[in-house]
Amino acid sequence: MLTVGEAMRERQPNFLARADSIRARTTVLAIVLVGVALIVGAVALVTVMRGALTESVLADARLRAADVAAELRGGTAPSELTLPSSDDLLIQVLDAHGRVLAAGAEAPGTALAADLDPGGMATITVAGDDDPFMIISASARGPLGARTVVVAHALDLVEESTEVATTLLATGLPILLILVGVVAWMLVGRSLAPVEAIRREVEEISGTQLHRRVPAPPGTDEIARLSVTMNEMLARLERASHRQRQLVADTSHELRSPIASIRQHAEVAAAYPERTNASELARTVLAESLRLARLVDDLLFLARADERTLELKHRPLDLDDLAFEAARALRREGAVAVDTTGVSGGRVRGDADGLRRVVANLAENAARHARSRVALSVLEEGGAVLLRVDDDGPGIAPADRGRVFERFVRLDAARARDAGGSGLGLAIVAELVAAHGGTVVVSDSPLGGSRIEVRLARASDV
Amino acid sequence: MARANEVELTAREMQLLEFLMRRAGAVVSKTEILAHVWDYDFEGDPNIVEVYVGHLRNKVDRPFDRRALETIRGAGYRLDADGG
């Protein structure tokens, strides 16, 4: 079953078809930028070309006018002039009153521009010709009086060239822009294709498929790095999810055994009331429910630690007092001999309940694994306070020393459970010590077993 | 009393100061201190007394430029009844 949103995505599987895609936007941007640049360039090109051609026509006209003016100055009568003639070039010689004294074969008999100042220029149209003409005049004072030479040069070459250039550009530019658009579309599409592949894969990865990874394009560009980062994140999610499932499984397992024990005793008591010793039943139920309560407390504590919502009140605290307290508790149980001769003063800043739990958990853990002796010591060393808890038990293999602080890790599962540990004590120690900015490490004890050493910052007196 | 003169003591420091004040002017041995402030069957490092005396000096003597808590070499400690 698809939701409405999924159905819409299904119908439009290609994200590139969407108007809001980077591909479309980049292509449009490329076309607009290149188009503006090309249009500006084309307009400039045509303008400059037209200017240059007009300039050359003007120069030619002036040259012709100067030739005729020179002849007139030399005394040649206007009627004797041989005026060059073509339909592109019209030449007239006027007298001081603007009357036409001589004209080229194609030139009209009336003045082309009577009011043009000598040396001036203008653009005119001539009857019988479509193209505009550029007209100039030059004065020539010869022996026969003042004359004005007027030369009109057709601008058809300029117009034609401009037209050709404009036509070429007008057809070439759109083709070029289409080319730019296609290339940009393809290039952006090719570089974004891995992103789409990554997106599609991530979309399909559900909570139960965290082993899947997004495709990693070769190289080290931004997209390759994105996929590497994404895969690292997926790996973290997978580990977290695995840990979570493991924890739930372990927790259920741990909760099951005290519940089974209570149930079994209750069933026997119900079946054979006459053979049931009430106080013995009560003792069993009490012991198992204490175990349950402890386990639930520990789990809640770790959950709060995970959520970073532990409420720790940091105050100056004597770690030696906590060590003596833990030692007294162990001595009351009487299972092992407790040596506290190494306990000297150790002032830290920390949460009293939290650190009491650290010392108590370490002491109980040591007592569970010890054959006969546990030693607690507290000392100040430089800027640190060390709490050491030693036992003369079997010790912990170096390879397992980091693992003992994980949740529900028991190096010898069956025996440790018989000894009553929840499997969470050292995990809680690790969380609390970390919350106090300290470290906790496992090493060998001079007593022969293991030593767990907590290092916290020493508190100053002021 | 001005707040500036307030000092914060831990429980054990308070017990030690109280014990020394009750015996002000007299020399008290380390063993006596351990028995009264800690435990009659104290099983820790006896050096702990020196550590705590050090803490106390840092808190009640040094900031006020006094030497009320004397070490009597080979015998123990004495708190000056006049406050040093």
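**Sheet and helix packing in chain A**

In strand E5 of chain A, A:Gly145 is the residue that stands opposite A:Gly142. The model described here is predicted. The two strands concerned, E4 (residues 132-142) and E5 (residues 145-154) of chain A, run antiparallel and are joined by 10 bridges.

Strands E4 and E5 belong to an open sheet of five strands in chain A, in which the order is E2-E1-E5-E4-E3 and the pairing is antiparallel. The edges are occupied by strand E2 (100-103) and strand E3 (121-125) of chain A; each has a single partner strand, so one side of each lacks a neighbour in the sheet. From one strand to the next, the twist averages 30°. Strands of a sheet pair through backbone hydrogen bonds, in either a parallel or an antiparallel manner.

Helix H2 (residues 22-73) of chain A lies across four strands of chain A, namely E1 (89-94), E3, E4 and E5. Relative to E4(A), helix H2 runs at about 25°.

A further packing arrangement involves two helices. Helix H3 (residues 156-204) and helix H4 (residues 222-271), both of chain A, pack at an angle of about 15°, and their axes are 10 Å apart. Because this angle falls under 35 degrees, H3(A) is roughly parallel to H4(A). The crossing of the two helices is left-handed. On the H3(A) side, the contact is formed by A:Pro194, A:Val195, A:Ile198 and A:Val202, which meet A:Ile223, A:Leu226, A:Ser227 and A:Met230 in H4(A). By class, this contact of H3(A) with H4(A) comprises seven nonpolar residues and one polar residue, with no charged residues.

Technical notes:
Residues numbered from 1 in each chain as written. Chains lettered and ligands numbered in written order. Predicted model: local features only at pLDDT ≥ 70, side-chain atom pairs only at ≥ 80, totals over all residues. Axes fitted to C-alpha atoms, helices over the stretch in contact; angles between N-to-C directions. Parallel < 35°, antiparallel > 145°, perpendicular 65-115°, else oblique. Left-handed = near helix turned anticlockwise from the far one by under 90°. Contact = placed C-beta atoms within 7 Å. Nonpolar A, V, L, I, M, F, W, Y, C, P; charged D, E, K, R; others polar. Pairing = 2+ DSSP bridges.
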